[in-house]
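Let's work through a few salt-bridge exercises together. Grab your viewer and follow the steps.

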Amino acid sequence: MLENTRKEIMRVFLLALLLSGLVSGCLQSELASSGSQNSLSSATYYLSAGANVRVFQDSPTDVLGLGTFVTELSFNAGILYIPSTLTKGDYGNRTNASVPQPLDLIVKAYVEDHPSGDFIFEAPLLGPSVSVTNVTTALFWLLKWGFTNPYLQVSQNAFSSMATSVELICQSCRTKTNSQVLAFIQSRTDLIDKIKQTLINENPSLNINYSWNPDPIRYAWSTPVLTTHGLGSKTAKQLETIKSDVIAVSPMNSTVKVRAASWLMTRADQTTVAVTGSPLIYTFTNEDQVSSDFVPTFAESAAFGAAIKIHFEVGRANRAPVCDEPIKLTMKANRLNTTYLTDFCYDPDNPTATPNLGVTYALVSGPSGMTISSSGVLKWSPVNSLAGQVYDFQVLVTSSTSANHIATGKVKVKAVTLPNFIDVISGTFTEGSISQMDININDPEGDPLVLSIAGITSVKNGFPSGAGVLSTITSVGTDPTLPIFNWSFMPSYLQVIGADGPMQLRFTLRYNTSVDPTLDGSQILATQDATFDIINTDDPPVWDSQPQEADLIEGTVFSLPMGSAHDPQPNPTALTYSLQSADGRCDWSSTTSFSVDGSTGAVTLNGSPDYNSWDQCSFQVISKDANGLTSSSETFTYNVANTNRPITEITPSTVSSISGTENKILMIPVEEMFTDEDLTINDPRERITWTCYVNTTGAGDPFTDLCSTKKIYFSLSTTSFSGSWFPQYGTAGDYYIKLQGTDVGGASASHIFQMHIEAAPAPMLATIQQDGIDTTSIVTNENMSSTVVLHVTPQSDAAVNQYTYNVSTPTCYIKSGTGTCRAAMISVPSSLEGVGAQDFTFLITPNYTDGDSAYPLSSRDYIVSFTITKADDPEVITQVSASLTVNNTDRNPSAIGLSSGSQGCTGSAANSLTNAFTICINLAQNAKSGNSWQKSYSMTLTPVDDDLTNDSYSFAFTSSAVPGTINSLNNVWTIKLPACLNAGTSVVSRTFYLQLSDGRGGTVTREIIVKFQSAAAASSCM
């Protein structure tokens, strides 16, 4: 008796330990799965990742239990992750499992064809985790409909304690249905009292009483989800078959699925259709447009069905476009024929649109040159040689909803009679005189024509004005079948030289598309080549020149022979002459003239080189006759020596002093100090060399110090009298300047003036210091505080620089890529205002994420910038920056997570983040084929590490002879049983050690115990 009592106490103690391990194992937000819930009984009856899990929000007035859909939850490696907005955000703060919460957020899991007969499991979401089982379901129903106080609140710890109490007393509850567990709880007054006492402790201000009187059915599931109280919405389209379902459950019989017996559909036009069966299966017709509402009818409760509505937005069916086929067209040759395919095709889903809205067209195949625009405009210009033939084409027709149809068509080409020239074209023209002729055409079709004329031989133009123009053509006559073109033409004096001669032209007929745009203007309809006689009436002058070189001097008179020219037969006239620069570099037109010997015709150039000549000047002499015909002499090239006109000071002086301010540009009025005739005319060879002298004692000589010794750097032009200076900070004061200019001829001039520079407030000098040393590179580590000093000092002791300034909050951004620093990483001193030299201390405190960078990088780099601004003048500003490197601090992995370890075994298998993990494989559920086991077993390995986002993880066994292999890509350990293991009646146990490495040197090791039930093996096996 005593021994039995001792065993019973030990059994309860072990159960309590297992349950405490179960509760602690659910601290992460996980849905109870077969691996975490089989410590007391078979896992067959518990949920897995195959469950559909949704979260609803209930209200005290929601008597039907419909709730408002909040979100869908998803699994990852057996863990059910809950969005932070549910536990900390939109629905209050539920991160502390000891704080009572309202029973308004409900996690509902729906499993079709569950082995226990249940199909709905529920649990309130009270803290950062949730476990959903038949016990949590029955307990939640008891709280909701047994303790019906709208202000009731329960903590996660209290709810887990209640569930633990139920499971300790009812060790077989895990194989029962929700209703059976609920009935068991209700049958135990001690449990009810214990639950009541817990609720009183959690709700000291409420009157807690137990009274069980629920409504007969409660909402369990729907497709689509009821997104508001009783309303679901989904989209569909015509001709589509939809499926919708609403399933209800009774807390007194959770295995019975209560479905709608029928559905009443109401269309947008208020017509109705009754649909029987559950679930709802309905195919929308072409009449079902815009929207339709389905209301379910439940035999068990009319009120329940009246509170539910499933709304479908019904779109049009995507039917393919329809065309009248084959599309038969007739087109005339030599024309740009246009057809609108919208006259043949339409979209049956939008048949009244004109043209069909959203329908597009594309040519699939057809004769060469045929085009079809996206709007359905077909164009083709068949040539006359294709006449009498029928050609096939295909066009892709696409509706606005992307439905396609390839339409076929045929086009027949109709011939045309081409025009021709009636007469052989010929004639005689005289240079410089306008002549006209009519060109007669035979045009049987009567189409508008255009005549063009082009030269076969070169057609000259330009002398006289208007000569050589072939396009002066006008149309005369009124009969479109016999059009007449009148052509006017004047040959140029340059058309033939020395004697009369021929000119060949080509006449071409095309359609006039400006009159009829449908005609194909690219087709040549007819051509005729013609030869005309040209009578010569004038020729250009003829030169006899012998170029001579000469060395000349600017401004010095010369007289140079240029050769001779004469105007030949048939029209000799007097000639005029002009000088033209051969390369555009020199212009002597205003300093030279020509003289001509009346008896010999010799031309002489008289005058002097211009003062802005280049070193070498080249010219040609142009002779012109009375009709404007010209000819050029050969090129004459002369070397020209520069004549320097000296730079001089302007006297009496108009510039005795100038004034400026630091950090502002100062213009130097050089044009009021000096003059130089060569610079005035922009002589290309003139350059001024400037020398600047300074003293601070007065305007009298000697001036021996260069301006640069006082940091005066005038910017002076060498080709114009202009200059400027930008006085830097620290150059304020009074100076006496002697500015000396020297030209290319060596002539010099100087001007003395006084210069006053007013002092201006200068930006502060700023450096960044770490450990008392100036630096541009700050280095720190994660989770370690370090100080950075911004050292600010005035540029000088001058009073103007002793001002109040403000230091901005530092700006910080990631050096590469996008993003910013964490706001709290850099803290600033209480005051950021200063006067004179001052240090500002900033504290940099990185956390364990500020230095995170993807493996194998070891740090993250930032840029930190400070700005110092004069308090009363924001334009006086100083900026200083430094790089900030936060080194990554590696934290070792803390644990290894594994998926469920039970493979057909009975008994328990621990699955928490403790040191040991037990995998149990029942060999009775496997078999050998020859000497190899048929089945394999997969285990998912999960790293547990605070640095999970930026490390690189790998798993490896430190033990030898471990069965199976680990896939490094997905971290799945696949166990294939070794041949040395045989079926038997014993339990074979082996221990291995699995190590997780984080890529940065951190590791954690976990003990793995592998048990084989119904097995036999030698001690050396594995």
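**Exercise 1.** Work out which parts of the chain the salt bridge between Glu 554 and Arg 685 connects.

*Solution.* Keep in mind that this is a predicted model. Start with the contact: the closest N and O atoms of Glu 554 and Arg 685 are 2.8 Å apart, which fits the salt-bridge cut-off of within 4 Å. Next, place the partners. Glu 554 sits in the loop between β38 (550-553) and β39 (558-566), while Arg 685 is in the loop between α8 (677-680) and β50 (689-695), so the pair ties together parts 131 residues apart in sequence. Both Glu 554 and Arg 685 are buried. Finally, look for further partners: a network of salt bridges links Glu 554, Arg 685 and Asp 615.

**Exercise 2.** Find out whether Asp 850 and Arg 822 are buried or partly exposed, and locate their salt bridge.

*Solution.* The two side chains meet at 2.6 Å, N to O. Asp 850 belongs to the loop between β64 (838-844) and β65 (859-870), and Arg 822 to the loop between β61 (811-814) and β62 (826-827), so this pair joins parts 28 residues apart in sequence. Now the accessibility: buried means under 20%. Asp 850, at 3%, is therefore buried, whereas Arg 822, at 28%, counts as partly exposed.

**Exercise 3.** Do the same for Asp 288 and Arg 267, another salt-bridged pair.

*Solution.* Their N to O distance is 2.2 Å. Asp 288 lies in the loop between β17 (280-283) and β18 (290-297), and Arg 267 in strand β15 (residues 262-267), so parts 21 residues apart in sequence are tied together. Asp 288 is buried at 0% relative accessible area, and Arg 267 counts as buried at 18%.

Key
Residues are numbered from 1 along each chain as its sequence is written. This is a predicted model: local features need pLDDT of at least 70, side-chain atom pairs count only at pLDDT 80 or more; totals for chains, interfaces and linings use all residues. Side-chain values use heavy atoms; hydrogens and water are left out. Helices (H or I, at least four residues) and strands (E, at least two) are DSSP runs, numbered from the N terminus. Buried means under 20% relative accessible area, exposed over 50%, partly exposed in between (1.4 Å probe, protein chains only).
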